[in-house]
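Please open the model in your viewer and keep the sequence panel at hand. We will go from one selection to the next and look at what is there.

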Amino acid sequence: MALIDDRIAQFRAEVGDRELTEEQRKIFNAFTKKNGAATYLNVTDMDGRNVRIKIYSNKIKTGSQHILINHFGTMIHWVTAWEILNLYEVVERGAHYISNGYVVYRMDTDYNGVKISTVLKFVEDKGIAVLKSFYSNRE
């Protein structure tokens, strides 16, 4: 579990002492723990659909641990801590579609001239969208 501990420490360091909104604080807390209850976010997407997002912090193959290990501080499809803290904006502003049984929200943004597409995958669980992954098109 040293890798996840290192990634959590790296995530904390990248966030630093920034002042966070309520939503960002919830996401920060979900990404800086390995145990405990899941974290919930309530977001309204661009079509007016209310989406309740469940973020697991204690599972390696889904949620915060999957994202930190596979997409934060990596060389491919990587995301920054700031992007992670604002993942709810992808649901608010992004277009959504179904892909391989997942509801995917995608938003194209432009950072310093680099085009980034960030994608959220959700698995529906009794009306709750379980965060599966969050990554970019960076290579």
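This tour of a predicted model goes through helices, a hairpin and two single residues.

**Stop 1: helix α2.** Select residues 22-31, which form α2. Which residues of this helix are buried? They are Q24, I27, F28, A30 and F31. Now turn the view until you look down the axis of α2: the buried residues fall within an arc of 165 degrees, so they line one face of the helix. To see what covers them, add the surrounding elements, which include α1 (2-15), β1 (39-44), β2 (50-55), α3 (63-70), α4 (81-85) and α5 (87-93).

**Stop 2: the hairpin of β1 and β2.** Keep β1 on screen and show its side chains. In a regular strand, side chains alternate between the two faces of the sheet. Here T39, L41 and V43 point to one face and are buried, while Y40, N42 and T44 point to the other face and are not buried. Next, bring in β2, which pairs with β1 in the antiparallel sense over 6 bridges. If you pick T39, you can look across to I55, its bridge partner in β2. Then follow the chain through the 5 residues between the strands and stop at G48, which takes a positive phi near 85 degrees.

**Stop 3: R7.** Go to helix α1 and select R7. Which side chain of opposite charge is nearest to R7? That is D6, at 7.1 Å; R7 is buried yet has no salt bridge. Leaving out residues up to four places away in sequence, show what R7 touches: L68, I69, N70, F72, G73 and T74.

**Stop 4: helix α3.** Select α3 next, a helix that is mostly covered, with 6 of its 8 residues buried. Color G63, S64, Q65, H66, I67 and L68 to pick out these buried residues. Among the elements that cover them are α1, α2, β2, α4 and β6 (128-135).

**Stop 5: T62.** Finish in the loop between β2 and α3, where you will find T62. Is T62 buried or exposed? Its relative accessibility is 12%, and buried means under 20%, so T62 counts as buried. Zoom in on the side chain of T62, which reaches the backbone oxygen of L131 at 3.1 Å. With residues up to four places away in sequence set aside, T62 touches Y56, L131 and K132.

Notes:
Residues are numbered from 1 along each chain as its sequence is written. This is a predicted model: local features need pLDDT of at least 70, side-chain atom pairs count only at pLDDT 80 or more; totals for chains, interfaces and linings use all residues. Side-chain values use heavy atoms; hydrogens and water are left out. Buried means under 20% relative accessible area, exposed over 50%, partly exposed in between (1.4 Å probe, protein chains only). Helices (H or I, at least four residues) and strands (E, at least two) are DSSP runs, numbered from the N terminus. The arc is that of the directions from the helix axis to the C-beta atoms. Contact means heavy atoms within 4.5 Å. Two strands pair if DSSP finds at least two bridges between them. Lys and Arg count as positive and Asp and Glu as negative; His and the chain ends are not counted. A salt bridge is a side-chain nitrogen of Lys or Arg within 4 Å of a carboxyl oxygen of Asp or Glu. A polar contact is a pair of N or O atoms within 3.5 Å; within protein, one must be able to donate a hydrogen and the other to accept it, and residues adjacent in sequence count only if both atoms are side-chain atoms.
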